[in-house]
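Thanks for squeezing me in, everyone. I'd like to walk through one model this morning, so let's put it up on the screen.

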Amino acid sequence: MPCYRCGARQTDPVRGASPWQRGVRNETQVLVCPDCQRLHDLDLDACGTCGSTTLICRLGEVECRSCGAVRMARADTPLAASVAPPPGLSAEVEAALNRVLGRA
């Protein structure tokens, strides 16, 4: 999954904690790259209880990692509209498949 702000994609992870941050935006789980984390306004959803933006979204629920509050995700939010794939991704995937499958 690419960074929702700039479209950068994660590379192979190194040992230890990932420098990428998870968040929720428009009821959808997103990733934020280390460069975009330096921005002050990431436009991430915030917890209604404590105001933290350390939320995770899973199985129709949004959970705050700071205070533990859990709420149901809104069903009326279009998931695909909030995060668009980066340009050229399909061509890169096709080239990677050709390399792995030995196609010319």
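Before anything else, a contact here means heavy atoms within 4.5 Å. With that in hand, among contacts between residues at least 6 apart in the protein chain's sequence, 38% join residues at least 24 apart.

Housekeeping next. This is a predicted model, where local features need pLDDT of at least 70 and side-chain atom pairs count only at pLDDT 80 or more, while totals for chains, interfaces and linings use all residues. Residues are numbered from 1 along each chain as its sequence is written, and side-chain values use heavy atoms, with hydrogens and water left out.

Okay, the layout. The protein chain has three helices and five strands, and these are DSSP runs numbered from the N terminus, H or I over at least four residues for helices and E over at least two for strands. Going along the sequence, the pattern reads β-β-α-β-β-β-α-α. Of its 104 residues, 27% count as buried. By buried I mean under 20% relative accessible area, with exposed being over 50% and partly exposed in between, using a 1.4 Å probe and protein chains only.

Let's look at the sheet. It's an open one with three strands in the order β3-β4-β5, paired antiparallel. β3 and β5 (70-72) sit at the edges with a single partner strand each, so one side of each has no neighbour in the sheet. From one strand to the next, the twist averages 25 degrees, taking axes as lines fitted to C-alpha atoms (for helices, over the stretch in contact) and angles from 0 to 180 degrees between N-to-C directions. For pairing, the rule is that DSSP finds at least two bridges between the strands.

How many bridges hold β3 and β4 together? Four, between residues 55-58 and residues 61-64. Leu 55 has Cys 64 as its bridge partner, and Cys 57 has Val 62. The hairpin between these strands has two residues in the connection, and Leu 59 there takes a positive phi near 45 degrees.

On the other side, β4 and β5 run antiparallel with three bridges. Val 62 turns up again here, standing opposite Arg 71, while Glu 63 has Val 70 as its bridge partner. That hairpin has five residues between its strands, and Gly 68 has a positive phi near 85 degrees. If you look at the faces of β4, Val 62 and Cys 64 make up the covered one, and Glu 61 and Glu 63 the uncovered one.

Now the core, by which I mean buried Ala, Val, Leu, Ile, Met, Phe, Trp, Tyr and Cys residues joined through side-chain atoms within 4.5 Å. The largest one has 10 residues, among them Tyr 4, Trp 20, Leu 42 and Leu 44. Strand β2 (residues 28-32) gives the most to this core, with three residues. Then there's a second, separate core of five residues, including Val 24, Cys 47, Leu 55 and Val 62. Back in β2, what does Val 32 touch, neighbours within four places in sequence aside? Cys 3, Tyr 4, Trp 20, Gln 21, Gln 37 and Leu 42.

I know someone will ask about the cysteines. The structure holds zero disulfides, where a disulfide is a pair of cysteine sulfur atoms within 2.5 Å. Cys 3 is in none, and the nearest cysteine sulfur to its own, that of Cys 33, is 3.8 Å away. For Cys 33, the closest cysteine sulfur is in Cys 36 at 3.6 Å, which is too far for a bond. Cys 3 is buried at 3% relative accessible area, and Cys 33 is buried at 3% as well.

A few backbone oddities. Most residues other than glycine have a negative phi, and most peptide bonds are trans. Asn 26 has a positive phi near 55 degrees. Asn 26 lies in the loop between β1 (21-25) and β2, partly exposed at 33%. Asp 43 has a positive phi too, near 60 degrees. Asp 43 is in the loop between α1 (34-37) and β3, partly exposed at 45%.

Last stop, α3. Residues 89-101 make 13 residues, expected to span 18 Å at 1.5 Å a residue, and the end C-alpha atoms are indeed 18 Å apart. That expected span is 1.5 Å times one less than the number of residues. Right after α3 comes Gly 102, with a positive phi near 75 degrees.
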